[in-house]
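Colleague: Could you walk me through how to read the features of a model like this one? Let's have it on screen before we begin.

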Amino acid sequence: MLKTHESTRKVARRLDQGSARILAATISRTADRWFVSFTVEVQRHLPLDTRRTVVGVDVGVRQLAVLSDGTMIANPRALEDALRKLRRLNRQLARREPGSERRKKTHRRLARVHARTANIRRDALHKLTSSLATEYGTVVVERLNVGGMIRNRRLARAITDAGLAEIRRQLTYKTTWYGSRLVVADRFYPSSRTCSACGWVKAKLTLAEHTFICETCGVVLDRDLNAARNLAKLAQYVAQSGWETQNARGADHKTQLAGQVAMKREPSSADIRLGPTASRHGRDMQR
Ligand SMILES: [Zn+2]
């Protein structure tokens with residue numbers, strides 16, 4: 001019998017009801033804490049009421065995400081606090097005598113704050129992706145060219161924080177769990193530079209420009225909201241053309257959008273696919 005710090009009630013209840021089965025357990029240790037992860041087979045009930053709704057998600061730098069319906073999801077405040085603490089401890093570590101007890105102590109504290117930062121971030125991303133996958137029938141996200149953006153150091157941190165790749169990874173399996181659809185726009189789809197009202201494409205939009213101003217129809221919109229609306233529009237296009245969605249199997253398609261933009265869907269072999277009944281509780285769910 002083990003006493004756990006976090007509640008295991010959810011899993012225990014499912015086990016009692018017979019709607020879940022534990023397949024494996026893994027013990028691990030991070031920053032002086034012990035964790036147990038369970039791989040669980042779970043029966044899920046699919047929500048049926050919202051299957052027709054579409055949401056475009058602009059994964060942010062300034063915000064965690066902006067949805068095409070205007071919802072802004074802020075970066076968790078606790079994350080900023082933890083990052084500040086991380087910077088302070090890093091400076092402190094640099095001042096400590098190598099091999100000293102104090103250095104070891106700072107090192108341990110640093111490891112704990114690192115783990116906490118990662119936990120806060122993971123928690124925020126999970127809340128976001130769970131609500132997206134359960135509340136909408138189709139979720140459209142952008143495949144950002146993270147490699148290209150990481151050259152800008154300050155932005156790189158923000159991008160890493162938002163965990164773009166992680167959001168997409170979680171959405172890929174959660175949309176499968178909940179019976180919704182994930183559409184991933186190609187990285188060359190100009191969701192930020194296109195006017196979501198009239199379709200005009202701006203030649204260049206710098207990262208400093210937080211507002212999108214259309215030179216054709218005169219619309220003025222928050223940059224991220226404009227991008228999110230363009231992504232949502234992409235779903236309609238996908239529905240019309242029979243373009244393969246990200247979490248469905250199928251052949252590669254090359255298509256044109258409104259005669260302007262070439263889109264290419266990359267093979268999705270790297271995507272994580274889980275059957276509707278085989279959920280992974282491990283790292284993601286029950287730490
Ligand atoms: Zn316009």
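Colleague: Which residues have the most contacts inside the largest nonpolar core?

Modeller: First, the ground rules. This is a predicted model, where local features need pLDDT of at least 70, side-chain atom pairs count only at pLDDT 80 or more, and totals for chains, interfaces and linings use all residues. Residues are numbered from 1 along each chain as its sequence is written, and side-chain values use heavy atoms, with hydrogens and water left out.

Modeller: Now the general idea: in soluble globular proteins, nonpolar side chains tend to be buried together. A nonpolar core is a set of buried Ala, Val, Leu, Ile, Met, Phe, Trp, Tyr and Cys residues joined through side-chain atoms within 4.5 Å. Buried means under 20% relative accessible area, exposed over 50%, and partly exposed in between (1.4 Å probe, protein chains only). Here the largest core has 18 residues, and Val 55, Val 57, Leu 132, Val 139, Val 141 and Leu 171 have the most contacts inside it. The elements giving two or more residues to this core are β3 (54-59), β4 (65-67), α3 (101-135), β6 (138-142), α6 (164-178) and β7. Of these, α3 gives the most, with four residues.

Colleague: How are those helices and strands assigned, and what does Leu 132 touch?

Modeller: Helices (H or I, at least four residues) and strands (E, at least two) are DSSP runs, numbered from the N terminus. Contact means heavy atoms within 4.5 Å. Not counting residues up to four places away in sequence, Leu 132 touches Val 55, Val 57, Leu 67, Val 139 and Leu 171.

Colleague: What should the 19 residues of helix α2 span?

Modeller: The expected span of a helix is 1.5 Å times one less than its number of residues. For α2 (residues 77-95) that gives 27 Å, and the end C-alpha atoms are 28 Å apart, which agrees. Buried residues in α2 are Leu 79, Ala 82, Leu 83, Leu 86, Leu 89, Gln 92 and Leu 93. Gln 92 has 13% relative accessibility, so it counts as buried. Leaving aside neighbours within four places in sequence, Gln 92 is in contact with Thr 106 and Arg 109.

Colleague: Which residues coordinate the zinc ion?

Modeller: Donors are N, O and S atoms within 2.8 Å of the metal (3.2 Å for Na, K and Ca); water is not among the atoms, so sites may look incomplete. The zinc ion is held by the SG atoms of Cys 195, Cys 198, Cys 214 and Cys 217, at 2.2 to 2.3 Å. Their spacing in sequence is C-x2-C-x15-C-x2-C.

Colleague: Why is the arrangement called tetrahedral?

Modeller: Four donors count as tetrahedral if all angles lie between 85 and 135 degrees. The donor atoms here subtend angles of 106 to 114 degrees, which makes the arrangement tetrahedral.

Colleague: Is Cys 214 buried or exposed?

Modeller: Cys 214 is buried, at 4% relative accessible area, whereas Cys 198 is partly exposed at 38% and Cys 217 is partly exposed at 41%.

Colleague: How many disulfides does the rule count?

Modeller: A disulfide is a pair of cysteine sulfur atoms within 2.5 Å, and by this rule the count comes to zero.

Colleague: Where is Thr 194?

Modeller: Thr 194 sits in the loop between β7 and β8 and is buried, at 8%. Thr 194 and Ala 227 are 33 residues apart in sequence and 7.6 Å apart in space, C-alpha to C-alpha. Ala 227 belongs to helix α7 (residues 223-241), and at 1% relative accessibility Ala 227 counts as buried.

Notes:
Four donors count as tetrahedral if all angles lie between 85 and 135 degrees; four count as square planar and six as octahedral if opposite donors are over 155 degrees apart and all others between 65 and 115; anything else is irregular.
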